[in-house]
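Biologist: Put the model on screen, please, and let's walk through it together.

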Amino acid sequence: MGEMIPLRLSRNERLKNVKLIDSVFKSAITVKSFPLIFSYKHSDFPTDTPLQLLFTVSKRSFKRAVDRNRIKRILRDRLRLQKPELLQAFNGQAVFGAIIYTSKTLPDYQEIDKAILKLIQKLHEAHR
C-alpha cells in the first residue's frame with residue numbers, strides 16, 4: 001500500500017521564513033473553497049519537508065486572539081488529517097503556502113472538512 005505518511009504537522013512543516021511568506025502572498029497560485037483560500041508556491045530549492053504551511057485568520061473579522069487561535073487550531077487539525085491526500089495532489093513536489101480563513105463566523109468541523117476536500121479536489125485537477 002505504500003509508505004505511511006504520519007498524520008501530524010511537525011514544527012518544520014510550519015512556514016516561518018519571512019522571504020518565503022512574502023513570496024506566497026505576492027506571487028502565488030491561489031485556490032479558493034469558501035471559507036478557505038489556499039495560496040501556494042512550488043519550492044525551487046530542495047527541502048526535507050514536502051509541505052510547509054502557514055495558517056492565518058483576519059484580525060478585522062475576529063478581534064479576540066482567543067477566537068483567531070481557536071480557528072487556526074481547528075484548521076491545523078482538520079488539514080493534518082487530510083495531509084496524505086494533499087501531498088498526493090502535488091505529486092511529491094515540495095510546496096509552501098498559506099491557508100487563509102475568510103468567513104466572519106466561527107467554523108464547525110464539517111464545514112472545514114468539506115472546504116479542505118474541495119481544495120484538494122481542485123488541486124488534483126490543476127496538477128493533472
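**Strands, loops and a pocket**

Biologist: Which residue's side chain reaches the backbone oxygen of Ala-115 at 3.0 Å?

Modeller: That's a polar contact, meaning a pair of N or O atoms within 3.5 Å; within protein, one must be able to donate a hydrogen and the other to accept it, and residues adjacent in sequence count only if both atoms are side-chain atoms. Look in strand E1; helices (H or I, at least four residues) and strands (E, at least two) are DSSP runs numbered from the N terminus. The residue also touches Lys-118 and Leu-119, and the side chain you're after belongs to Ser-33.

Biologist: Before we go on, what kind of model is this?

Modeller: Residues are numbered from 1 along each chain as its sequence is written, and side-chain values use heavy atoms, leaving out hydrogens and water. Local features need pLDDT of at least 70, side-chain atom pairs count only at pLDDT 80 or more, and totals for chains, interfaces and linings use all residues, the model being predicted.

Biologist: Is Ser-33 buried or exposed?

Modeller: Buried means under 20% relative accessible area, exposed over 50%, and partly exposed in between, with a 1.4 Å probe and protein chains only. Ser-33 has 2% relative accessibility, so it counts as buried.

Biologist: Why is strand E4 (residues 95-101) described as largely enclosed by the rest of the structure?

Modeller: Start with its partners; two strands pair if DSSP finds at least two bridges between them. E2 (residues 36-42) runs antiparallel to E4 over seven bridges, with Ile-37 opposite Ile-100, while E3 (residues 51-57) runs parallel to E4, again with seven bridges. E4 is largely enclosed because six of its seven residues are buried.

Biologist: Which E4 residue is the bridge partner of Thr-56?

Modeller: E3 is mostly covered, with six of its seven residues buried. From the E2 side, Ile-37 stands opposite Ile-100. Thr-56 has that residue as its bridge partner in E4, namely Ile-100.

Biologist: The side chain of Gln-52 reaches a backbone oxygen at 3.2 Å; which residue does that oxygen belong to?

Modeller: Gln-52 sits in strand E3, and its bridge partner in E4 is Phe-96. Contact means heavy atoms within 4.5 Å, and leaving out residues up to four places away in sequence, Gln-52 touches several residues, including Glu-13, Leu-15 and Gly-97. The backbone oxygen at 3.2 Å is that of Asn-12.

Biologist: And Leu-15: how far apart are its C-alpha and that of Leu-54?

Modeller: Leu-15 belongs to the segment before helix H1 (18-26), and at a relative accessible area of 4% it is buried. Beyond four places in sequence, its contacts include Ile-21, Val-24, Gln-52 and Phe-96. Leu-54 is 39 residues away along the chain, yet the two C-alpha atoms are separated by 5.1 Å.

Biologist: Any backbone oddities? What is omega for the cis peptide bond between Phe-34 and Pro-35?

Modeller: Pro-35 is in the loop between strand E1 (29-33) and E2. Its peptide bond with Phe-34 is cis, with omega at about 5°.

Biologist: Which residue that isn't a glycine has a positive phi of about 50°?

Modeller: Try the loop between helix H3 (83-89) and E4. The residue there has 56% relative accessibility, so it counts as exposed. The one with the positive phi is Asn-91.

Biologist: The side chain of Gln-93 makes a polar contact at 3.2 Å; with which residue's side chain?

Modeller: Gln-93 lies in the loop between H3 and E4, and at 41% relative accessibility it counts as partly exposed. Outside its neighbours within four places in sequence, it is in contact with Pro-50 and one other residue. That other residue is 51 places along the chain, with the C-alpha atoms separated by 7.1 Å, and its side chain makes the polar contact: His-42.

Biologist: Last one: what volume does the largest pocket have?

Modeller: On a 1 Å grid over the protein atoms alone, a pocket is an open set of points where a 1.4 Å probe fits, with protein on both sides within 12 Å along at least five of seven lines, and lining residues have an atom within 4 Å of a point. Grid points are joined across faces, edges and corners, and a volume is the space filled by probe spheres set on the points. For the largest pocket, that comes to about 230 Å³.
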